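I pulled this one up to get my bearings before going back to the bench. Notes below, in the order I looked things up.

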Amino acid sequence: MSSKNSSLITNPFSKNNPITVQILGICSALAVTAQLKPAVVMAISVTVVVALANLIISLMRNTIPPRIRIIVQLVVVSALVVLVNQVLMAFVYDVSKQLSVYVGLIITNCIVMGRLEAFAMTNKPWDSLLDGIGNGLGYAIILVILGFVRELFGSGSIWGYPICEKLGLYNIGYENNGLVILAPMALILVGIIIWIQRSSDKTLQEK
Amino acid sequence: MLEFFNIFVKSIFIDNMIFAFFLGMCSFLAVSKTVKTSAGLGIAVTFVLLVTVPVNYLLNKYVLQPGALTWISDSLANVDLSFLSLILFIAVIAAIVQIVEMVVEKYSPSLYNSLGIFLPLIAVNCAVMGASLFMQQRDYSNIGDVFAFSLGSGIGWFLAIVGIAAIREKLRYSHIPAPLKGVGITFIITGLMAIAFMSFMGIKL
């Protein structure tokens, strides 16, 4: 593992994060993070799809005619997503019901298409696989943060364990914040994450 | 008639693609810098939705649903092809976007020039795919409902992107903390707009 390869994995965590810096794949990041468990399942699914799609497209990159590459990419990605969808329905049916249409929407997730276009079409298979895993994990870390914050403050629990009730917070007048579970707060939380990240790293700020 | 109108209004305001389901956020954030381009993209998305969702509805009804193939022969009543719906929906969307692009290029070069760059991008817009999947999940009973739903979703998306673009044009002259400039503040404003749209949730249709 050379330093270039390890930077392929670590860069998406901070300097090149798919959500907060590249602004890709926002739809699912916001929609599935009302609780931690679906967020983690979604993060794993997307990581698997990005990594494998990157690998497959990179293996085929010299034989794909440029004019129809979008269709070829869509076919590869949707085949992988169909597999992921069937696996989720077989092993974690309740989470798959919660994620509803957002599993299918991994096909049009901009992270997948973006990495295929920007990286896999021009790089070797091993590098592309690492890039896919790195970007999947960079996406995962934001999903886990969002899922943790929204479940803790919105429902008063962590991974379904009712922590606020066990600590007796409700008896001293604590209330869950219902707004955190709803759509608007997810957007504002991502805004705050971007704020924190760009305050500490001035090179990412926009003019 | 009233039923179509209900679905239409519901999909514009209450089930707004962006503020309630976050669909199409990528192009929403990337293209909303000026009102003119975002209006162009909004119209293109509305048009593609209006064509693809009814086609996918027919596909779902006559090919994919469990027992949908009985119009060929009764022996196919147990066939369930719904696991193929993702791959077929995206194929239909990609093909229709391609056809729309060619038709527009042939018959209206001026419209093609103003939309040109956005048309191919619509194939990978979550809002288009998402509308087809919602259509399948909500099980609309006839094609009129589906037309009302797809037109309403498109107009809702159009309103959202034009609204945020107008706000961003004004924001260019405001003093925003440096780390929030650009995307950060756009996220927060979208959140505030979503809170405003939540006020429609109480309406019973």
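How much space lies in the largest pocket? I get about 940 Å³. I should keep in mind that this is a predicted model.

Next I checked what surrounds that space. I find 37 residues lining the largest pocket, and the ones closest to its centre are I70(A), P120(B), L121(B), A123(B) and V124(B).

Then I went through the lining by element. From chain A, I noted α4 (69–91) and α7 (110–120), each giving at least two residues to the lining of the largest pocket. From chain B, I noted α2 (25–31), α4 (85–107), α6 (118–122) and α9 (183–198), and each of these also supplies at least two. Which element gives the most? I have α2(B) down for that, with five residues.

After the pocket I turned to chain B as a whole. I count nine helices and zero strands there, so written from the N terminus on, my string for chain B is just α-α-α-α-α-α-α-α-α. I had its C-alpha trace spanning about 70 × 45 × 35 Å along the principal axes.

Contacts came next. Of the chain B contacts with a separation of 6 or more, I see 77% coming from residues 24 or more positions apart.

How much of chain B is buried? I have 50% of its 205 residues as buried. For the accessible surface of chain B I wrote about 9400 Å², with 70% of that belonging to carbon and sulfur atoms.

Last, charges. I tallied 11 positive and 9 negative side chains in chain B, and the centres of the two sets lie 18 Å apart.

Key: Residues numbered from 1 in each chain as written. Chains lettered and ligands numbered in written order. Predicted model: local features only at pLDDT ≥ 70, side-chain atom pairs only at ≥ 80, totals over all residues. Heavy atoms only, no water. Helix = DSSP H or I, 4+ residues; strand = E, 2+ residues; numbered from the N terminus. Buried < 20%, exposed > 50% of the residue type's maximum accessible area, 1.4 Å probe, protein only. Contact = heavy atoms within 4.5 Å. Areas by Shrake-Rupley, 256 points an atom, 1.4 Å probe, with all protein chains shown as cover. Lys, Arg positive; Asp, Glu negative; His and termini not counted. Charge placed at Lys NZ, Arg CZ, Asp CG, Glu CD. 1 Å grid on protein atoms, 1.4 Å probe; cavity = no way out; pocket = protein on both sides within 12 Å on 5 of 7 lines; lining within 4 Å. Points joined across faces, edges and corners; volume = space filled by probe spheres on them.
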